[in-house]
Amino acid sequence: MYRINIEGAAHINEYEELVKIFLRPDDFEMTEEKGPEVACFTEQEDKNLTKQELFRFLEKETGVHPKWGIITGIRPVKLFGMLAAEGAKKACEKFENYYLVSREKTELTRNIYEYQQELFGDGESNSAGIYIGIPFCPTRCLYCSFASNPMDEGKIEKYLEALYKEIDYCGEAMEKMDWHAESIYIGGGTPTTLTPEQLDGLLSRMEEKLISGRGNLCREITVEAGRPDTVTPEKMRVIKYHGIRRISINPQSMKQETLNAIGRDHSPEDVKAAFEIARSEGIEEINADIIAGLPGEELKDFAFTLDEVIGLGADNVTVHSLAVKRSSRLKEKDPDYHYKRGRAVGEMLDHAADVLGDQGYRPYYLYRQKHMSGALENIGYCKNDAAGLYNVRIMDEHQRIIAIGAGGISKAYSPETRTLTRVPNVTNEEIYVERIDEMIERKEKDLFRRK
Ligand code: SF4
């Protein structure tokens with residue numbers, strides 16, 4: 001058990017996140033006491049200097065060398081972009097010498113930042129990213145921490161009614177503010193759990209209220225078709241009919257044993273069939289999410305999944321490091337899971353970078369979350385510049401997000417201070433339906449009143 005004291009620290013939890021990268025929560029305590037058994041540090045005016053000391057101490061004690069250094073609580077590409085105002089070389093130096101980020105991750109961040117600038121530049125100040133949440137899935141995955149509920153026709157109909165009310169309100173409010181949607185992401189849950197008719201209704205409403213009424217400036221729409229067993233020719237035809245080019249089919253693993261173990265009620269063959277259906281109905285861009293560090297998987301299993309997904313011709317491959325979040329069933333089963341898998345996940349991510357690079361994919365966005373195996377990262381790769389704009393903007397955090405539906409977290413953006421303020425909807429879909437007027441009032445007060 002390590003006992004750590006930071007003298008003069010008003011917010012000790014700022015340091016706790018860093019300590020947790022090295023030590024399991026049961027293996028340390030932050031204490032106000034001092035003494036021979038306690039590792040003592042003094043908070044300096046620049047807290048990052050204190051973090052550097054703490055980081056070096058923990059590296060020595062544990063033999064662990066986290067590649068992202070002392071960066072916690074800020075997105076690396078965003079941070080790099082802020083530092084790059086003084087030039088990319090200076091930003092790299094600061095990453096390595098001040099934030100103690102490894103050379104490899106520094107270079108990765110720089111490449112991604114420069115690629116994003118080349119592809120998309122900065123968003124216009126009156127633009128928005130729009131998220132529409134459909135919180136229903138065929139079954140619940142073991143690691144799920146999202147708004148996701150089993151399919152229930154009665155509930156879905158009521159949910160859509162409330163959702164349309166929020167869409168209509170947002171369309172009118174955007175018009176008043178003179179904002180337009182730059183990109184729209186329909187996620188969840190799994191939006192393709194909707195029937196073709198429901199999907200058509202949703203996409204028509206979205207077009208009418210959020211796109212055509214706002215000058216048709218939307219550059220990208222993505223529909224998540226995460227569960228391959230929800231992909232049918234009819235639904236793909238509806239998506240295509242509405243001019244949508246991009247979907248996401250998420251195998252996570254191409255091993256049947258793993259899919260069974262994580263509670264996904266489909267087979268690797270379903271994934272292949274879903275790709276075939278989507279392509280034959282003319283869907284142009286398909287993203288595939290896969291996860292490194294799933295229960296029971298070693299490097300060879302992950303490598304197999306990666307090869308399969310590349311073989312299917314995915315235009316984007318998003319490689320996630322398994323994050324074990326508080327609300328997941330996996331966290332209940334094994335609270336220390338992500339501590340145990342750090343090294344294996346690191347190898348999987350390195351393998352993915354090599355193989356995808358050889359196959360012509362480039363990393364185009366990156367983000368980190370709490371509780372990730374090995375404190376590593378998620379990376380989206382794309383081929384032929386087929387990058388997802390919504391993903392880039394949401395991680396960059398320099399654009400407002402209007403999130404509609406249960407579990408959606410809108411973000412008001414202040415260009416003056418370059419800060420975001422969260423405006424959340426409730427997560428539970430029944431409560432969302434009951435309290436839809438309150439969700440709208442929240443938006444009115446905290447999202448659409450801000451300039
Ligand atoms: S498909 Fe996604 S949202 Fe649905 S249960 Fe699995 S992790 Fe959760």
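**Exercise 1. Determine which residues alanine 278 is in contact with, leaving aside its neighbours within four places in sequence, and then place alanine 278 within the nonpolar core.**

Solution. In this predicted model, alanine 278 is in contact with Val231, Met236, Ile247, Ile249, Ile283 and Ile286, once neighbours within four places in sequence are set aside. The next step is to turn to the largest nonpolar core, which has 121 residues and counts Ala278 among those with the most contacts inside it, together with Ile130, Ile184, Ile249, Val317 and Ile404. The largest share of this core, eight residues, comes from α6. Finally, because domain 1 (1-65) and domain 2 (122-404) both give residues to the core, it lies between them. The C-alpha centres of these two domains are 36 Å apart.

**Exercise 2. Decide whether isoleucine 12 is buried, partly exposed or exposed, and describe its surroundings.**

Solution. Begin with the position in the chain: isoleucine 12 belongs to the loop that runs between β1 (2-7) and α1 (13-22). Then count the other C-beta atoms within 10 Å, of which there are 15. A buried residue would need 20 or more, whereas an exposed one would have 12 or fewer, and isoleucine 12 is therefore partly exposed. As for its contacts, residues up to four places away in sequence are not counted, and isoleucine 12 then touches Ile6 and Met30. A separation along the chain can also be set beside one in space: isoleucine 12 and threonine 31 are 19 residues apart in sequence, while their C-alpha atoms are separated by 9.1 Å.

**Exercise 3. Work out how the buried and exposed residues of helix α17 are arranged around its axis, and what covers the buried ones.**

Solution. First list the buried residues of α17 (residues 436-446), which are Ile436, Met439 and Lys443. Because they cover an arc of only 60° around the axis, they are on the same side of α17. Next consider the face turned away from that buried side, which carries the exposed residues Asp437, Glu441, Glu444 and Lys445. The last step is to ask what lies over the buried residues, and here the cover includes α6 (153-177), β15 (409-414), β16 (419-424) and α16 (429-434).

**Exercise 4. List the residues that surround the ligand and sort them by character.**

Solution. The ligand is surrounded by Cys137, Arg140, Cys141, Cys144, Phe146, Ser148, Gly188, Gly189, Thr190, Gly226 and Arg227. When this shell is sorted, four residues fall into the nonpolar group, five into the polar group and two into the charged group. For the sorting, Cys and Phe count as nonpolar, Arg as charged, and Gly as polar.

Conventions:
Residues are numbered from 1 along each chain as its sequence is written. This is a predicted model: local features need pLDDT of at least 70, side-chain atom pairs count only at pLDDT 80 or more; totals for chains, interfaces and linings use all residues. A residue is near a molecule or strand if its C-beta atom, placed from the backbone, lies within 6 Å of it. Domain bounds come from an automatic or database domain assignment. Helices (H or I, at least four residues) and strands (E, at least two) are DSSP runs, numbered from the N terminus. Two residues are in contact if their C-beta atoms, placed from the backbone, lie within 7 Å. The arc is that of the directions from the helix axis to the C-beta atoms. A nonpolar core is a set of buried Ala, Val, Leu, Ile, Met, Phe, Trp, Tyr and Cys residues joined through C-beta atoms within 7 Å.
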